[in-house]
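Biologist: Please take me through one part of this structure closely, residue by residue where that helps. After that, set it beside the other parts, in plain terms.

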Amino acid sequence: MKKILLPLSLSFGIIALSSAFYNKPSIDAPKADNITPDADNGGIQLAKGFGAVVVAEETGKARHIKVLPNGTIYIKNSNAKNDKGITVLKDTNGDGKADVVEAFGAYGGTGIDIHNGYLYASSNSEVFRYKLDANGDVIDKTKPETVITGLPDLRQHEAKPFTFDESGHIYVTIGAPSNVCQEKDRQKGSPGMTPCPLLEKNGGIWQFNADKLNQKQEDGVRFATGIRNAVALDYDPASKNLYALQHGRDMLYQHYPEIYSAEKGAELPAEEFFQIKKNDDFGWPYSYYDPEKKQKLLCPEYGGDGKKLYTKAKKPIMAFPGHWAPNDLLFYHGNQFPAKYKNGAFICFHGSWNRAPLNQAGYFVAFVPFKNGLPSGPYEVFAEGFAGGPEIKSPGDAKARPMGLAEGPDGSLYITDSVKGKVWRVIYNK
Amino acid sequence: MKKGILILFISISYFASAQVKKEADGKAIYNQYCLACHQEDGTGVPNLNPPLRKSDWVGGEKTRLIRVILEGLNEEIEVNGESYNRVMASHDFLSDKQVADVLTYIRTNFGNSAEPVKEEEVKVLRKKKP
């Protein structure tokens, strides 16, 4: 018994120490009260009463973001050129603008978060962690510990976003390296594979021990399956649920013009918002969600005709139009914004590329009110105008694409951009 | 003499209309099979699908380009300093003429001005396919 107690009390000590750092904002953490929003809100339009200040203009190809209790910002970049895989931003004079910009890390990736006094960051095949000191600075930037290694990086849906629960688990998306598990990926006429062999090691969310080093995929548990790709992933401690948004399949119109018009192919399938319990199956690749019929339908590669239902999969809690590419999810727990935002969800839509010949869409941040762990109303547009024009014909034309979300210690909302790495801090003006 | 001019005129207009048809056929194939990923204006999708606009993969040597259509592409490539990693499916179900037409279309549009691809050039490479 003592043998168990000693490491237990030790680890409690560590948790207590680190949570002192982790949970309490330091006294000089930046406050929104002292900040004046930029005159043009950094080129975006916001919900009434909100303003934004540009924290930094160009930080690289930014992905996810985390803000520490003392205001230090960490951003994961998809491109690690010149060892700039992670950006560090600090605003030392409290005007909202970063005046210290540093970078480190020799790998590109997507995920970044804090857990038990460590900064966690993911490449497309591994999850690393760095010990933080009392100021929230990384102690050794060149020697991270490896938490998870050897995850499949098959150059499609290869990002490894992650989140933590309160019981010592880390959840990692392992996307499917495929559109819809055809024998020949994305080739017109190639049949779907039944059962889809990719699901064994891809197309789901895996659960690992958050504090154990050098875990392989086999050391984790396939927590949920039938998920094509979920870059937006968050655990909500208020409702104690895991949530994610899926990137729905492509090519319904291009491969089945006899069933789907160009307009249908642009709107279908829905981008699905999932509440995830252990062993859930959301139906990829056999099905997609039709928001009009409010049903999962059988994919044409598996014998579907635009009408046949698929009943073996769990339905989403909410559906968005096709191809908007939800790339981050954040449950808001701050007190700065009006009460309706508390415990609600912000969703970053990166914007589509596969709605052609229609215009592209989705380059905005949405808000969804929540009650008892479920949406309590329709989504609202919270921040838009990132792409820089009313009509986006091709995603390459977008000036900025919203990519990552984080909540600051004072309840400000931070948004990253994947084109040049612009970072906005949104505050409530009252 | 008049006859000669007439024949010349007819053959020029025949040639020109064949060119117009080749362009239209190429565009139709592009819209059906390529546009979804490479976009209407050939700009592609950042990080995923490479641009065809001002790309040396498109305007450069033909062999590599024809092979991409016939065999697909399953590696990360760099175009104009940016990398792209999405898998391109093989389009070997297109006929030699269709491949020639669509490649000629992309080689003469989106800011590219390279010489056309001939049906025979596709045929030769298709036979060589491992």
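Modeller: Glu258(A) counts as exposed, because it has 8 C-beta neighbours inside 10 Å, and a residue with 12 or fewer falls in that class. This is a predicted model, so the count comes from predicted coordinates. Glu258(A) sits in the loop between α2 (252–255) and α3 (262–267) of chain A. From Glu258(A) to Leu330(A) the distance is 39 Å, C-alpha to C-alpha, with their positions 72 residues apart in sequence.

After α3 of chain A comes another loop, which leads to β17 (271–276) and holds Pro269(A). The peptide bond that joins Leu268(A) to Pro269(A) is cis, and its omega is near -10°. A second cis bond runs from Trp284(A) to Pro285(A), with omega near 5°. Pro285(A) belongs to the loop between β18 (280–281) and β19 (287–290) of chain A. As a rule, most peptide bonds are trans.

For a covered part of chain A, turn to strand β29 (residues 413–417). Five of the five residues of β29(A) are buried, where buried means that 20 or more other C-beta atoms lie within 10 Å. Leu413(A), Ile415(A) and Asp417(A) point to one side of β29(A), while Tyr414(A) and Thr416(A) point to the other. Alternation between the two faces of the sheet is what a regular strand shows. Here the residues on both sides are buried.

β29(A) has a partner on either side in sequence. Strand β28 (residues 402–407) of chain A is joined to β29(A) by five bridges, and the two run antiparallel. Within this pair, Leu405(A) stands opposite Ile415(A). β28(A) and β29(A) make a hairpin with five residues between the strands, and Gly411(A) there takes a positive phi near 85°.

The other partner is strand β30 (residues 423–428) of chain A, which pairs with β29(A) in the antiparallel sense over four bridges. Tyr414(A) has Arg425(A) as its bridge partner in β30(A), and Thr416(A) stands opposite Val423(A). This pair is also a hairpin with five residues between its strands, and Gly421(A) in the turn has a positive phi of about 85°. Five of the six residues of β30(A) are buried. β30(A) pairs as well with strand β2 (residues 50–56) of chain A, antiparallel and over six bridges. In that pairing, Ala56(A) stands opposite Val423(A).

Tyr414(A) leads from the strands to the core. The largest nonpolar core has 138 residues, and Tyr414(A) is among those with the most contacts inside it, as are Val172(A), Ile205(A), Ala244(A), Phe346(A) and Ile347(A). Leaving aside neighbours within four places in sequence, the contacts of Ile205(A) include Val172(A), Phe223(A), Ala244(A) and Ile276(A). Nonpolar side chains tend to be buried together in soluble globular proteins.

Now chain B. Along its sequence, chain B follows the pattern α-α-α-β-β-α-α. Of the 130 residues in chain B, 33% are buried. Helix α4 (residues 96–107) of chain B has ten of its twelve residues buried, so the helix is largely enclosed by the rest of the structure. Among the buried ones are Val99(B), Leu103(B) and Ile106(B), together with Asp101(B) and Arg107(B). At 1.5 Å a residue, α4(B) should span 16 Å, and its end C-alpha atoms are indeed 16 Å apart.

In the loop between α4 and α5 (119–128) of chain B lies Phe110(B). Phe110(B) counts as buried because it has 21 C-beta neighbours inside 10 Å. Its phi is near 55°, a positive value in a residue other than glycine. Asn47(B), not a glycine either, has a positive phi of about 75° and lies in the loop between α1 and α2 (56–59) of chain B. With 17 C-beta neighbours inside 10 Å, Asn47(B) is partly exposed.

As for confidence, chain B has a mean pLDDT of 86. Among its elements, α4(B) has the highest mean, 96, and helix α1 (residues 2–38) the lowest, 76. Where pLDDT is low, coordinates should not be read in detail.

Between the chains, 17 residues of chain B are in contact with 17 residues of chain A. On the chain B side, these are seven nonpolar, six polar and four charged residues. The predictor gives the complex an ipTM of 0.77 and a pTM of 0.89.

Definitions and conventions. Residues are numbered from 1 along each chain as its sequence is written. Chains are lettered from A and ligands numbered from 1 in the order in which they are written. This is a predicted model: local features need pLDDT of at least 70, side-chain atom pairs count only at pLDDT 80 or more; totals for chains, interfaces and linings use all residues. The expected span of a helix is 1.5 Å times one less than its number of residues. pLDDT is the predictor's confidence in each residue, from 0 to 100. Two strands pair if DSSP finds at least two bridges between them. A nonpolar core is a set of buried Ala, Val, Leu, Ile, Met, Phe, Trp, Tyr and Cys residues joined through C-beta atoms within 7 Å. Two residues are in contact if their C-beta atoms, placed from the backbone, lie within 7 Å. Ala, Val, Leu, Ile, Met, Phe, Trp, Tyr, Cys and Pro count as nonpolar, Asp, Glu, Lys and Arg as charged, and the others, Gly among them, as polar.
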